[in-house]
Protein chains: 2
Amino acid sequence: MDEHVTNIINDLKKDNVQAYLLTKFTNVEYISNYRPTSFAFCVIKEEPIIYVSSMDMEIAKNNSSLEVKEYESMDVMIKELKSEGIKNLAIEPSLPFGSYEKLKDDFTIDSKTYIDKQRMIKTTLEIEKIKKATEIAQKSFLQLDILNNKNTEKEIAFDLVRLMIENGASKESFDTIVTSGASSSLPHAIPQAKRLEKPILIDWGAIFEGYCSDNTRTIVYNEKQQEIWDIVAEAHDKAIKAIRPGLKCIEIDKVARDIIADYGYGDRFIHSTGHSLGLDIHETPGFSIRDETVIEEGMVITVEPGIYLEGEFGVRLEDTVAIYKKANVIGDLPLKIE
Amino acid sequence: MDEHVTNIINDLKKDNVQAYLLTKFTNVEYISNYRPTSFAFCVIKEEPIIYVSSMDMEIAKNNSSLEVKEYESMDVMIKELKSEGIKNLAIEPSLPFGSYEKLKDDFTIDSKTYIDKQRMIKTTLEIEKIKKATEIAQKSFLQLDILNNKNTEKEIAFDLVRLMIENGASKESFDTIVTSGASSSLPHAIPQAKRLEKPILIDWGAIFEGYCSDNTRTIVYNEKQQEIWDIVAEAHDKAIKAIRPGLKCIEIDKVARDIIADYGYGDRFIHSTGHSLGLDIHETPGFSIRDETVIEEGMVITVEPGIYLEGEFGVRLEDTVAIYKKANVIGDLPLKIE
C-alpha cells in the first residue's frame with residue numbers, strides 16, 4: 001500500500017478512529033492517484049475503498065491505486081460501513097454540512113486534518129512537479145514580451161495561458177490576473193478589455209501533472225511606483241531570508257508586515273504574506289497573522305507581500321519557496337522586470 | 001431592497017429563522033451583485049450585511065447592493081450577530097463542516113435551501129444572459145470548422161475557448177471537453193495532445209455576465225456510431241418534448257432512460273439526463289432518477305442523454321432548455337453536425 005495511505009492509517013490508529021472519509025477531489029487524488037470528475041467517497045480504513053460515480057468508473061479503474069466500487073446510494077454506503085463494525089468516522093473540515101447531516105445519525109463524527117497535515121510536507125517528486133510548473137509559467141511570461149505588448153489585459157492573460165499550455169502545462173493554476181493602472185489596487189482584479197496602463201501587475205501560474213505554480217510581478221514606471229516597489233521587494237526578500245524550520249508561520253508574516261508598516265503602509269497590506277500550494281493553489285499552512293504552524297522541511301509556500309493604494313495602483317511581488325534548511329526560491333525569474 | 005433579498009427575508013419569517021448565512025460565492029453574487037474572490041459571510045436578516053475580506057473591500061464597495069463591512073474575525077462576527085439578538089441561524093447545505101463547527105456553540109443551526117429554490121426560477125434577464133452565453137458558445141463552435149480541423153484535441157479545446165472569449169465570453173463555463181475515438185466513452189474526458197480520431201465528442205460552454213451555457217455534440221462516422229447516435233438523439237428529442245410544468249424531474253429522466261434501455265443500452269447511460277444551470281454550471285433541480293422536484297416555468301435545465309461503450313466510443317447530445325408552457329431549446333445549433 002502507498003506510503004500516504006499507510007501514514008493516514010497510522011494516524012487513525014493513534015486516535016482510535018475507525019475510518020476517514022475523503023471527498024475533496026485533490027485529497028482523493030493525493031491518496032489514490034485518481035481525480036474524481038463528479039463526486040467520490042474515499043474511505044481510508046484497514047481495507048481502503050473509493051465509492052465512485054458510475055460515470056467515473058472507467059477512469060477510476062484505470063488510475064486508482066485503491067480499490068474502487070460503483071456508488072449506488074448513501075444508504076448502501078452507510079450500510080456497508082456499518083456492517084464492517086465502523087461506528088466512528090473522521091471527516092474533512094471541508095465536507096459540506098449537507099453530507100455531514102446524512103452521516104451523523106449512523107456514526108460518531110469528528111473532523112480531522114490528517115490529510116492536510118500530510119500534504120503540508122511535499123515529497124521530492126511533488127517538489128519537482130511544482131518546479132516544473134513554475135519553469136513553464138516563468139518561461140511563458142518571458143515569451144509574452146510584456147514591455148512591448150500592445151494587446152489588452154484580457155488578451156495578454158489569454159496569451160499567457162496559451163503559452164503555458166504550449167509549454168506543457170495542463171492549464172492555468174487559477175484565473176490569470178493581468179491588471180494595470182488603478183485597477184492594480186485590487187488584489188484579485190479581473191483582466192479588462194483595455195490596453196495596458198501603468199503599473200502592470202501580473203499574477204499567474206501553471207499546473208503540471210496536477211501541481212500548481214504561483215508568481216506575481218509588478219512593472220513600475222514612475223518614482224512613486226518605484227518607491228512602493230522597493231518597499232514590497234524589501235519585505236519579499238527579508239521574509240524569504242527569515243524562513244527556517246522551527247520558526248512559526250506567523251513570524252514570517254510579521255517580518256514582511258513590520259517592514260511595510262515601518263514605511264507607513266501597514267493598513268495597505270490587505271492580505272496574508274503567503275500560502276502553501278501543491279495539488280491545490282491554496283493549501284495550509286500560510287504565512288498569516290493567525291497561523292501558528294511550525295515551519296518544517298518539505299513545505300512549499302508563497303511569499304507575496306503587497307501594497308494597495310485604492311484609486312491609485314497596487315504592487316505585489318510573489319515567489320514560491322521550497323523549504324529545506326532554509327528557503328530556496330523556485331524558478332529564476334528576476335524580481336525586477338525592465 | 002432587491003426582490004431576491006425580500007423573498008429570502010419572507011422565507012425566513014415564515015420559518016421563524018432570524019438570519020441566513022450565505023458563503024458560496026455565486027449565492028453572495030446572486031443576492032448582492034458582488035462576487036467574492038477570497039471569502040465572504042453574507043448574513044440575510046432585517047438589515048442584511050456582508051462581512052468582506054479586507055482584500056475584497058474595494059471591489060465589494062463598488063459592486064454590492066447590500067451593506068459591506070470588513071471582516072475582522074469569526075469571534076467579532078459572532079459577537080455582533082448575538083448583540084442583535086440572533087439565536088437561530090440558517091446555513092447553506094454546502095457550508096463546510098469546519099465553519100459550522102465554529103458557529104454551532106453560539107447559534108441553533110439548521111441548513112436551508114431558500115436560496116437554491118429561488119435560484120431555480122430564472123428571471124427574464126437571467127434567461128437572456130444564458131441565451132447570450134449559448135449564442136457565443138455555438139457561434140464559436142461553428143467557427144472551429146471541426147470537420148476540417150487538423151489540430152490536436154487539446155489545441156481544439158484551447159481554440160474553442162479563445163473563440164468564445166473573442167466573441168464576448170468572460171471565460172469557459174467548465175473545462176472544455178474535446179475527446180475522440182475510444183476516450184469518448186469517458187463522460188468527463190480530458191483533451192489529449194493527439195489528432196482527432198472518430199467519433200468526435202465536444203462538450204463546451206461560455207460564461208456571459210456570470211451566466212453559463214452548456215452544449216454537447218458528437219460527430220459520428222460509421223454505421224455502429226450512427227446507430228448509437230440515433231438512439232441518443234431520440235432520447236434527447238423525446239425528453240425535451242415531454243417537459244412541461246407540473247411534471248416531476250424524475251419523469252423526464254425516465255423518458256430518456258426508458259428509450260435507451262429499450263434499445264438494450266440501459267446500463268451504458270451512466271449519468272443523469274440533465275442539470276439546471278445559471279451562475280453555476282450545475283444547479284438544482286436535475287433530470288435524475290432521484291429528483292422529485294416539480295418542474296416550473298422559468299427553470300433552465302440541460303437535456304444530455306448519452307451512451308458510453310467502454311473501450312469503443314461514447315455519444316452524448318446536449319441542449320439547454322428554458323421552460324415556459326413547454327421547453328424551448330436555447331440556441332439554434334443543429335443536433336447533427338456533418
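Two strands count as paired if DSSP finds at least two bridges between them. With that in mind, welcome to this predicted model, which we can walk through piece by piece.

**A hairpin in chain A**

A good place to start is strand β16 (residues 306-309) of chain A, which is joined by four bridges to strand β17 (residues 313-316) of chain A, the two running antiparallel. Within this pair, A:Ile307 has A:Val315 in β17(A) as its bridge partner. Three residues lie between β16(A) and β17(A), and together the two strands form a hairpin. In its turn you will find A:Gly311, with a positive phi of about 80°.

**A three-stranded sheet in chain A**

Another part of chain A holds an open sheet of three strands in the order β7-β10-β11, with antiparallel pairing. Its edges are β7 (171-172) and β11 (211-212) of chain A; each has a single partner strand, so one side of each is left without a neighbour in the sheet. Helix α7 (residues 124-143) of chain A packs on this sheet, where it touches β10 and β11 of chain A. The direction of α7(A) makes about 140° with that of β10(A). Looking at one pairing, β7(A) and strand β10 (residues 206-208) of chain A are linked by two bridges in the antiparallel sense. A:Lys171 has A:Ile207 in β10(A) as its bridge partner.

**A six-stranded sheet in chain B**

Turning to chain B, we meet an open sheet of six strands in the order β4-β3-β2-β1-β5-β6, and its pairing is mixed. At the edges stand β4 (67-70) and β6 (108-111) of chain B, each with a single partner strand, so one side of each has no neighbour in the sheet. On average, neighbouring strands of this sheet are turned by 25° against each other, direction ignored. Strand β1 (residues 19-22) of chain B runs parallel to strand β5 (residues 88-91) of chain B, and three bridges join them. There, B:Leu21 stands opposite B:Ile91 in β5(B). Helix α1 (residues 3-14) of chain B lies across β1 and β2 (40-44) of chain B, at about 65° to β2(B).

**Helix α8 of chain B**

How far apart are the end C-alpha atoms of helix α8 (residues 153-166) of chain B? They are 20 Å apart, which agrees with the 20 Å that its 14 residues should span at 1.5 Å a residue. The buried residues of α8(B) are B:Glu153, B:Ile156, B:Ala157, B:Phe158, B:Leu160, B:Val161, B:Met164 and B:Ile165. These buried residues pack against several elements of chain B, including α7 (124-143) and β8 (177-180), and also against α8 (153-166) of chain A. Just after α8(B) comes B:Gly168, with a positive phi of about 115°.

**How the chains meet**

Chain B is superposed on chain A by a rotation of 180° with 0.0 Å of shift along its axis, at an RMSD of 0.0 Å. That is the relation of a two-fold axis. In the interface, 26 residues of chain B are in contact with 26 residues of chain A. On the side of chain B that touches chain A, the elements giving two or more residues are α3 (57-63), α5 (97-103) and α8 of chain B. The largest share, four residues, comes from α5(B). By class, this side of chain B has 13 nonpolar, nine polar and four charged residues. Since 100% of the interface residues of chain B are also interface residues in chain A, the copies meet through the same surface.

**Some backbone details**

Two residues that are not glycines have a positive phi, as the table shows.

| Residue | Phi | Place |
|---|---|---|
| A:Asn33 | about 75° | loop between α2 (25-32) and β2 (40-44) of chain A |
| B:Asn16 | about 55° | loop between α1 and β1 of chain B |

Are they exposed or partly exposed? A:Asn33 counts as partly exposed because it has 16 C-beta neighbours inside 10 Å, whereas B:Asn16, with 7 other C-beta atoms within 10 Å, is exposed.

Chain A also has cis peptide bonds, among them the one from A:Lys198 to A:Pro199, with omega near 0°. A:Pro199 is found in the loop between β8 (177-180) and β9 (200-204) of chain A. The bond from A:Thr284 to A:Pro285 is cis too, with omega near 0°, and A:Pro285 has its place in strand β14 (residues 283-287) of chain A.

Definitions and conventions: Residues are numbered from 1 along each chain as its sequence is written. Chains are lettered from A and ligands numbered from 1 in the order in which they are written. This is a predicted model: local features need pLDDT of at least 70, side-chain atom pairs count only at pLDDT 80 or more; totals for chains, interfaces and linings use all residues. Two residues are in contact if their C-beta atoms, placed from the backbone, lie within 7 Å. Axes are lines fitted to C-alpha atoms, for helices over the stretch in contact, and angles run from 0 to 180 degrees between N-to-C directions. Copies are superposed by least squares on the C-alpha atoms of residues with pLDDT of at least 70 in both. The expected span of a helix is 1.5 Å times one less than its number of residues. A residue is buried if 20 or more other C-beta atoms lie within 10 Å of its own, exposed if 12 or fewer, and partly exposed in between; C-beta atoms are placed from the backbone. Ala, Val, Leu, Ile, Met, Phe, Trp, Tyr, Cys and Pro count as nonpolar, Asp, Glu, Lys and Arg as charged, and the others, Gly among them, as polar.
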